[in-house]
Amino acid sequence: MEIELAGWKLFKGKPKTKAPRAEAAPSAVVKPLIREAHRRGAEVGGLPRFNTTASDQMSGRGGDRFSAVRAKLRHAFTPSQPVADRRLFAGRDAVLKTIIRSIEDQRLHVVLYGERGIGKTSLLHVLTQAATEARYIVVYTSCGANSRFDETFRAAAEQIPLLFHSGFSPTAAESEKGSTLADLLPGDALTPRKFGDMCARLTGTRVLIILDEFDRATDSEFRRDVAEVIKNLSDRLGRVQLVLAGVAADLSELVEHIPSIRRNIFALRVPKMTEAEVLQIVANGEREADLKFDTQASAFVVEVARGSPYIANLICHHAGHAALDAGRATVLPADVADAVDRTILEFQGRIATPSQQHVKRLFEQGRQDMLAMAARSALAGDGVFDARDIEQINETSARKASEAIALLTTEQLIRPAPGLIDAAPRYGFVEEGLPTLIWMMWAQRTLNRDIPAPRAAATAS
Ligand SMILES: Nc1ncnc2c1ncn2[C@@H]1O[C@H](COP(=O)(O)OP(=O)(O)OP(=O)(O)O)[C@@H](O)[C@H]1O
Ligand SMILES: [Mg+2]
């Protein structure tokens, strides 16, 4: 008897005639698929699951022998979060020391600026811990487009106990019932002057008010009021100091009205990490996750990260998972190459299609060196570069550097950056993530070949 099922002819019982060869083949193909379908249907845990519960416990199901390492890896490398844990905070000793000295010895207000992902917030977290240890009251605020002076500084006042106000003794009823400076503030709008006056009366403590993401506060009135309060606090020798941080290529971009407060602030551009600092990120993560990066793999991370703690964390995170997926607790160069592939995919999602197409075409045409030279120059500094930078950073000729600028301008991948009228023209990529994407694509092509271990890698082991 012949049964037709979804286009396949199957025979039930003994066929009267021998089944044609062509009909035997499909069942050979279909049988394992059907078996697999049954297995999957019966399998309760067929779909991907979370490995850990919301309370950070291992779920106990579906894990492999590396489940515990996987869970630890999540904390060891945190590309999407600032570092808050001192054990995972790498390097930055000199930067931190300079900030602390200017706060403590010079009583200056601090402005930290630098590119996205360079580690400003992580630095602020560690600074907060150090200041808290020294009994400072630290108020951390993340600014937004809607930040207003009144709201922001009222919230700060709420965290300063009234007992530190010279007008109230610590045993006064108000101090004892946990009142704060906010209780002294008027009902009408809080001005920089009123806030400064109040802070001038603080005694027995010191306060750091941290305004992170200051670049996001676009309201010029807010920015002017902050400059005003810095001036006011400085003139009155107040015990309150401000720390501002934000994305900016230069200081004046971050703080308008800067001339009035220049003498009162210490401004610091958060630098790229050194090779040794990036290797420290790798080493901290290794310790935290019980994972080993082989020397060449570490060297690759340094090469790809180009001093960016964000890229270092991202690559290490992906490379760690790639190694575990391959059943190893040692990360090899191939895993870093795999991590670069994953990172490229992530970056591609963030960049407009036309730019990506231009980049892809140049790579296909074998002109990736031009792209890589410009990307390297952008990544080496603050995103802006000129022909001389390309020449020096890539140790190439002036002719090649000008060619790269001409090509990338024609391809609409870079454009002139605003600058001084008489100065040589400087350029920047048209999109923020482009230099990193290009650099990753370049690394993808070169990583599998032998990249010599950087100096720091050789000395670190
Ligand atoms: N000292 C450090 N040690 C280890 N990892 C770091 C360090 N500094 C930064 N990172 C990592 O780099 C990434 C970016 O850090 P962070 O968020 O502090 O930068 P940012 O400058 O504040 O970025 P944004 O401009 O987006 O606010 C994070 O993944 C963080 O974990
Ligand atoms: Mg930040």
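Q: What makes the link between Thr 121 and ligand 1 count as polar?
A: In this predicted model, a polar side-chain atom of Thr 121 is placed 2.8 Å from an oxygen atom of ligand 1, and a polar contact is a pair of N or O atoms within 3.5 Å (within protein, one must be able to donate a hydrogen and the other to accept it, and residues adjacent in sequence count only if both atoms are side-chain atoms). The distance of 2.8 Å therefore meets the limit of 3.5 Å.

Q: Which backbone atoms lie at such distances from ligand 1?
A: A polar backbone atom of Thr 78 is 2.7 Å from an oxygen atom of ligand 1, and a backbone N or O atom of Gln 81 is 2.8 Å from an oxygen atom of ligand 1. Ligand 1 exposes 630 Å² when taken alone, and the protein buries 92% of that, the areas coming from the Shrake-Rupley method with a 1.4 Å probe, where for residues only the protein chains shown count as cover.

How the model is read: this is a predicted model in which local features need pLDDT of at least 70 and side-chain atom pairs pLDDT 80 or more, while totals for chains, interfaces and linings use all residues. Residues are numbered from 1 along each chain as its sequence is written, chains are lettered from A and ligands numbered from 1 in the order in which they are written, and side-chain values use heavy atoms, with hydrogens and water left out.

Q: How many residues surround ligand 1, and what makes a residue part of that shell?
A: A residue is near a molecule or strand if one of its heavy atoms lies within 4 Å of it, and 24 residues surround ligand 1, the closest being Thr 78, Arg 116, Lys 120, Thr 121 and Ser 122.

Q: How do you know that helix 4 has the span expected of a helix?
A: Helices (H or I, at least four residues) and strands (E, at least two) are DSSP runs numbered from the N terminus, and the expected span of a helix is 1.5 Å times one less than its number of residues. The 14 residues of helix 4 (residues 120–133) should therefore span 20 Å, and the end C-alpha atoms are 20 Å apart, which agrees.

Q: What covers the buried residues of helix 4?
A: The buried residues of helix 4 include Leu 123, Leu 124, Val 126 and Leu 127, and their cover includes helix 3 (93–104), strand 3 (109–114) and strand 4 (137–142), as well as strand 5 (207–212) and strand 6 (240–247).

Q: Why is His 317 called buried or exposed?
A: Buried means under 20% relative accessible area, exposed over 50%, and partly exposed in between (1.4 Å probe, protein chains only). His 317, found in helix 12, has a relative accessible area of 17% and is therefore buried.

Q: What class of exposure do Arg 350 and Ala 145 fall into?
A: Arg 350, in the loop between helix 13 (333–348) and helix 14 (353–364), has a relative accessible area of 48% and is therefore partly exposed. Ala 145, in the loop between strand 4 and helix 5 (149–157), has 44% and is likewise partly exposed.

Q: Which residues does Arg 350 touch?
A: Contact means heavy atoms within 4.5 Å, and, not counting residues up to four places away in sequence, Arg 350 touches Tyr 310 and Glu 431. The side chains of Arg 350 and Tyr 310 are joined by a polar contact of 3.1 Å.
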